[in-house]
Amino acid sequence: MQPQDAGESRDRALLIGVSEYDFTEPPDGVPNDLPAVRHNLTALREALVRGRVFAEQEIRTLPSPYLADTGRVLQRAAKEARGLLLVYFAGHGAIPSGGDELYLQMRDARVIAGEHTVFSGAEKFSDLMATVLATSEARRIVVILDCCFAGNAARVWEHFEDKRRVAVLMSVQANHRVDAGDRRTPTPFTAELAALLGEGGGIGLPDLLSALRRRMAERGHRTLREDRWEPQLRADSGLKVRLGKAEEPQGAPLPGPVPAPVLPAPVLPGPVVSDPVVPGPVVPAPVPPDQGPGGPERSSRPPRGGLRAVLAAWRRPRAESRERPDPEEPPPSRRPVLRVALLVLLALGLLGSGLYGLLGPAGGDGTHCAPPLELRVLTDPDLEPTVRAAADAYLTSDGNTTDAGCRRTGVTVYSAGSSDVVGALRGHTGDWQEPRDDDVNPQRDVGPQPDVWIPASRADVDRVLHEQDTDAVAVLERKASPLAYSPVVLAVPQEIAVDSLEGRTALSLTEMVRDLTARAPDAAVRRPDPEFTDSGLLATVGLYGAEGRAVARGARLLDQAGPPSPTAAELLCALPDDDAVDDRTAALVPEFLMRSGVGCDSTTRNRRMALYPDDVPGMEPVFVRVRWSGGDRDEADRDASVAAFHDWLSGAGGRAVFARYGFRSADTRELLHPEGASDLGMMFAPAPLDESAGRDAMDRALRDYQAYGGPGRVLFLLDSSGSMADLWQGPSGGPGLLRQSLGGLGTADEYGVRAVADTGDGPYETLLGFGTHRTPDAQRAVDTRARVRDAAADPHAALLAAFDEMERRGSDGRPQLIVHITDGEHGERLTGGRLTEVLDRAGAGGVPVTVAVLGNGGCDPGRPDRRIADASGGRCLDAGDDVGAALHDEIARTGTGEG
């Protein structure tokens, strides 16, 4: 790549290889030196020049650097680059036990468990992405990582706001350690990488990945788990990077190897990978990292030396820097080397996403900064990107920076399933502080003990406090005012959305879904997992009704094959995977994602319009201080850090972030950033918006959701009046349809059959008692007992009796359904006040009614059977449908028989 401005090269490559480490002994040293990495820098540098990827003067190598030197040189390369910036790292990689961050361990790396900084002397990959790379003006940025756990960097990239110009090539898949190979040759991944880049002609990143995987497979390389060793790539589909140029015209010599500019310092090389999973700073007695390949067994004892050891590790780079002056380098930058922005893969464990505040050790005048006090902030998964962005902005704010350019506080933001968090704070704080067994371990299932909890609803705090153990070791202190507000909306594809503004507000969720399916009969509704995010649980409150009386009806409003998406953002990004599904599916999601939830990889989301149901509570993130028993060693400093972060988050700085992510004011409920909202399908000030969720409503909705499923209950009403005579015989007649539909019920389901005809003894006759049955027995009862009566039907009385029966059997979460098979000839018996009474019961009862009308037009809008089905959340089937197949499917959704 050739210079572009005034003879100065505008492309930069920085090759970092750490082959020798100062600390390799237990309890807090890295596992071992990595001699193979010594060869990586030479081989890769020669390949980049030979393959015409970079000119020789554009490449800088940094063998076995200290963290302080790494940060300065990295910042300099980032600032100089205008075209392509390539950053390569080979050495030990380490992850916290949550697996959601990657630490690139430099020469002075140590693992100091129990102090503020667990991975001392290590470059946090999220810091590198957020601060160093985000501030670079390079048009394209490529990061190549050759270390254990390299694939764990993928999640950092996924949450990086500027990822459209950044690609990350990783030597191995996430959570895998690899062997560094023969000490006399480059590491396996870099050997293949150098061979490919040195061939000349140029190669794009996707082709490079394919070639790397093919060559690694051909050579039989395996990870230490004995899985296939597969390099990984994360790059935006629009990012086009070609490494290298076509060959020079024949006769033009290729530049040969040139000695690399090296940071003057005692250096040594070493291979790639193999550092361990280490718990974050929150666990009382953290387990030390796993052993890397070839290293000695690590001691399980806590590290000695405490703060003295930490300070020694931070002082060392400064002393070495004085001993090894670099005439090329300016004085160390006053500003922190690193910042942060991301994280996630929630389920793996302890240290959740991005330890937001690990400060680079150099201040602006050469002063070395002590590790900042680290705050651990736990939040809802749907809120995590917003809270992380806020923490990122706070880290570099003036309020969090000393006069010497050091950070006062670091912030680790992580998330976990909302029901897991509530359960842990409610009844397992002791296990969180000190796990006793594998069955209950919040450290594993949620993450570190938080200093701050930001749930998506104030009701979550009430749910914890209402039933918290009397011997709890965590005390919650909630701030009075929420930080922001976002309603949970029904995001409908524009093509099937309502035309008028009136249809977007002042209706219940059930009414909105009913109107939607009337406009588009094949429309569907989905919501995220109510156990994992509050947005899913708040949507479920609306689906099930305030008193939880409409569980079956609410469940049937959803069309969800398989498990729900964990988060609302993932739901919106999953829908475009199938255009037909995306075009017809409405999503119950927090409104703010209409603005900020658009970062789906390689997909274009359908344009949607927000509908604002008046019975679905909204999200109100609230700031909660969590105090832990025995955590008073630095209580005053921690209180001050928490207070400063809250003041910033609830002030202008935090509001700016919430505005950018699409939130509303917690006070006025108006959009904080209204510009462009209408183009995104949002309304500036919709009214009315539902009040805050109640503690009992959320607990009840969660219990009902968890209980729903299993054996169902179905009550069949078979119209047996004289008008059914011509619609009785054969498989498409009333008894034939009923008989076929019984295949959707299993032996554990409870069901009964009533013949509807007013013979003088009541509005119905029992053909099959309510209970469990073998399908052949039930079919035989229908065959032998069902017959046309010489009497009229009274659907009004029969339906009211059916509602009473289902109500008497209780709301225990089991799916329920009433099936009415009729000819639709109801006469005066289902009009006026009688129809109104049935509609009221259908709407309030919570049990769906599916009506199969054996005739034409029975389900036309306005007809009684259609209105009853709509009011109950059921379905109306007539000759326009394949009644037999559709009825079987309806019953199979409730029962446990044949699908």
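Is Cys859 buried or exposed? Select Cys859 in this predicted model. Its relative accessibility is 8%, so Cys859 counts as buried, the cut-off being under 20%.

Now add Cys876 to the selection. Cys876 has 13% relative accessibility and therefore also counts as buried. The sulfur atoms of Cys859 and Cys876 are 2.0 Å apart, and the two residues form a disulfide. The count of disulfides comes to 1. Look along the S-S bond: the torsion about it is about -85°, so the disulfide of Cys859 and Cys876 is left-handed. To see what is joined, colour the flanking elements. Cys859 sits in the loop between strand 26 (849-853) and helix 26 (864-872), while Cys876 belongs to strand 27 (residues 876-877), so the bond ties together parts 17 residues apart in sequence.

Next, go to Cys147. Cys147 takes part in no disulfide; its nearest cysteine sulfur is that of Cys148, 7.1 Å away. Cys147 has a relative accessible area of 0% and is buried. Select Cys148 as well: Cys148 is likewise in no disulfide, with the sulfur of Cys147 as the nearest, at 7.1 Å. The relative accessible area of Cys148 is 0%, so Cys148 is buried.

Move on to the nonpolar cores. The largest holds 82 residues, and those touching the most other members are Ile454, Leu490, Phe645 and Leu649. Centre the view on Leu490 and show its contacts. Leaving out residues up to four places away in sequence, Leu490 touches several residues, including Leu509, Met512, Val513, Val525, Ala586, Leu588, Met609 and Pro613. Apart from this core lies another, of 80 residues; for a last selection, pick Val73, Ala81, Ala150 and Leu239, which are among its members.

Methods:
Residues are numbered from 1 along each chain as its sequence is written. This is a predicted model: local features need pLDDT of at least 70, side-chain atom pairs count only at pLDDT 80 or more; totals for chains, interfaces and linings use all residues. Side-chain values use heavy atoms; hydrogens and water are left out. A nonpolar core is a set of buried Ala, Val, Leu, Ile, Met, Phe, Trp, Tyr and Cys residues joined through side-chain atoms within 4.5 Å. Buried means under 20% relative accessible area, exposed over 50%, partly exposed in between (1.4 Å probe, protein chains only). Contact means heavy atoms within 4.5 Å. A disulfide is a pair of cysteine sulfur atoms within 2.5 Å. Helices (H or I, at least four residues) and strands (E, at least two) are DSSP runs, numbered from the N terminus.
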